[in-house]
Amino acid sequence: MIYTVTFNPSLDYIVSVDNFTCGIVNRTTDEIIFPGGKGINVSMVLKNLGFENTALGFLAGFTGNRIQDLLEEKGVRADFISVEKGISRINVKLRSNEETEINGQGPAIAEADIKKLYEKLDTLSDGDILVLAGSIPDVMPGSMYMDIMRHLQNKDLKIVVDATKDLLVNVLQYHPFLIKPNNHELGEIFGVKIESKADVITYAKKMQEKGARNVLVSMAGDGAVLVAEDGSIFQSEAPKGKVVNSVGAGDSMVAGFIAGYLENGSYEKAFQMGVCTGSASAFSEELATKAEVIALLDSNKKLFIGEQ
Ligand SMILES: Nc1ncnc2c1ncn2[C@@H]1O[C@H](COP(=O)(O)OP(=O)(O)O)[C@@H](O)[C@H]1O
Ligand SMILES: O=P(O)(O)OC[C@H]1O[C@](O)(COP(=O)(O)O)[C@@H](O)[C@@H]1O
């Protein structure tokens, strides 16, 4: 089974504003609400790609109820823990001349709620895949994902972590199956600016030295790099297309990688599927569908460069 955990789900409120200007009243030309949060996006895309999975995590208040309903409408199996205080976030994604995002902090999660999550995670068995993705509410410790991995270390799980800073660095000693920083997040960890693929490879290898098994680094419109545990390295430009909504492109890439790996058992195919799923999401209003991903895979065969 595949499980995703989203500590900090959101309603993503995507608003378009012509020539957004600070300090005045701006009016939208378009607005739309999607369920969001990194693990939830991974769950929705996996479902689109034909992989049943269960979304775990924490929901609170009326926004939490809405997220739950939207997931139900999409047929995603969800088993969230209800948090008593506060509300799940509304993350604002502003589309104008530039894209701007304001992501909330999320409700505080009580010790008793964390205990309930551990009870659910204790039901996982050998061979399962667990995705820990996204930020955690501000008041929680940066060791949260590491604590979960330590707790589960005696099970033979494939654990995927998509997080930033300490939340990510702390888990490396427990050998996550896959991590997916973007180039900016990877640079932030080492205090450097990473623009070229050569630099990506250098720093991805450093993450492997610290314990990660496979390191997938996304670079938005500049493509991606995979440094795999078997020593192979794959690079790709991004497929060409008109970007419609890039929110969730990174999460889609994670889902595509998992789907490609499960279908083919090959890191090369997982990488290709990851890239095309990320781009398919960027090129459409909603998250990628299977047909959109297959179309991109078929039309971009020459994009991928591999090296064993
Ligand atoms: N402008 C774009 N053009 C084509 N593909 C894109 C674009 N933005 C994102 N993607 C695809 O989605 C993947 C993940 O995007 P990225 O923005 O790097 O992730 P994150 O949202 O985690 O920062 C990229 O590697 C690429 O395949
Ligand atoms: O948990 P964080 O880091 O605040 O990110 C949450 C936001 O990221 C998203 O999951 C999208 O992430 P990506 O664009 O990186 O794939 C949104 O749905 C959500 O609003």
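Two residues are taken to be in contact if their C-beta atoms, placed from the backbone, lie within 7 Å. The structure examined here is a predicted model, in which local features need pLDDT of at least 70 and side-chain atom pairs count only at pLDDT 80 or more, while totals for chains, interfaces and linings use all residues. Residues are numbered from 1 along each chain as its sequence is written, and chains are lettered from A and ligands numbered from 1 in the order in which they are written.

Ala-282 makes a convenient starting point. This residue lies in helix α9, where helices (H or I, at least four residues) and strands (E, at least two) are DSSP runs numbered from the N terminus. Leaving aside neighbours within four places in sequence, Ala-282 is in contact with Val-243, Ser-246 and Ala-249, and its C-alpha atom is separated by 6.0 Å from that of Val-244, although the two residues are 38 apart along the chain. A residue counts as buried if 20 or more other C-beta atoms lie within 10 Å of its own, as exposed if 12 or fewer do, and as partly exposed in between, with C-beta atoms placed from the backbone. Ala-282 is buried because 24 other C-beta atoms lie within 10 Å.

The helix as a whole is mostly covered, since 14 of the 16 residues of α9 are buried. The expected span of a helix is 1.5 Å times one less than its number of residues, so for α9 (residues 267–282) a span of 22 Å should result, and the end C-alpha atoms are indeed 22 Å apart.

Helix α9 also leads to the ligands. Around ligand 1 there are 18 residues, the closest being Ser-218, Gly-221, Ala-249, Gly-250 and Gly-278, where a residue is near a molecule or strand if its C-beta atom, placed from the backbone, lies within 6 Å of it. Helices α8 and α9 each supply at least two residues of this shell, and α9 gives the most, with four. The shell around ligand 1 divides into 10 nonpolar, eight polar and no charged residues, counting Ala, Val, Leu, Ile, Met, Phe, Trp, Tyr, Cys and Pro as nonpolar, Asp, Glu, Lys and Arg as charged, and the others, Gly among them, as polar.

Ligand 2 is surrounded by 16 residues, of which Gly-36, Asn-91, Gly-134, Ser-135 and Gly-250 are the closest. At least two residues of its shell come from each of β2 (10–16), α1 (38–48) and α8 (249–264), with α8 giving the most, namely three. By class, the shell around ligand 2 has two nonpolar, 11 polar and three charged residues.

Helix α7 (residues 197–209) shows how burial can be arranged around a helix axis. In α7, Lys-197, Val-200, Tyr-203, Ala-204 and Met-207 are buried. Seen down the axis, the buried residues of α7 fall within an arc of 125 degrees, so they line one face of the helix; the arc is that of the directions from the helix axis to the C-beta atoms. The face turned away from this buried side carries the exposed residues Ala-198 and Glu-209, whereas the cover over the buried residues includes α6 (183–190) and β11 (214–218). After α7 comes Gly-211, whose phi is positive, near 135 degrees.

Lys-120, found in helix α3 (residues 111–121), is partly exposed because 16 other C-beta atoms lie within 10 Å. Beyond its neighbours within four places in sequence, Lys-120 is in contact with Leu-56 and Asp-79.
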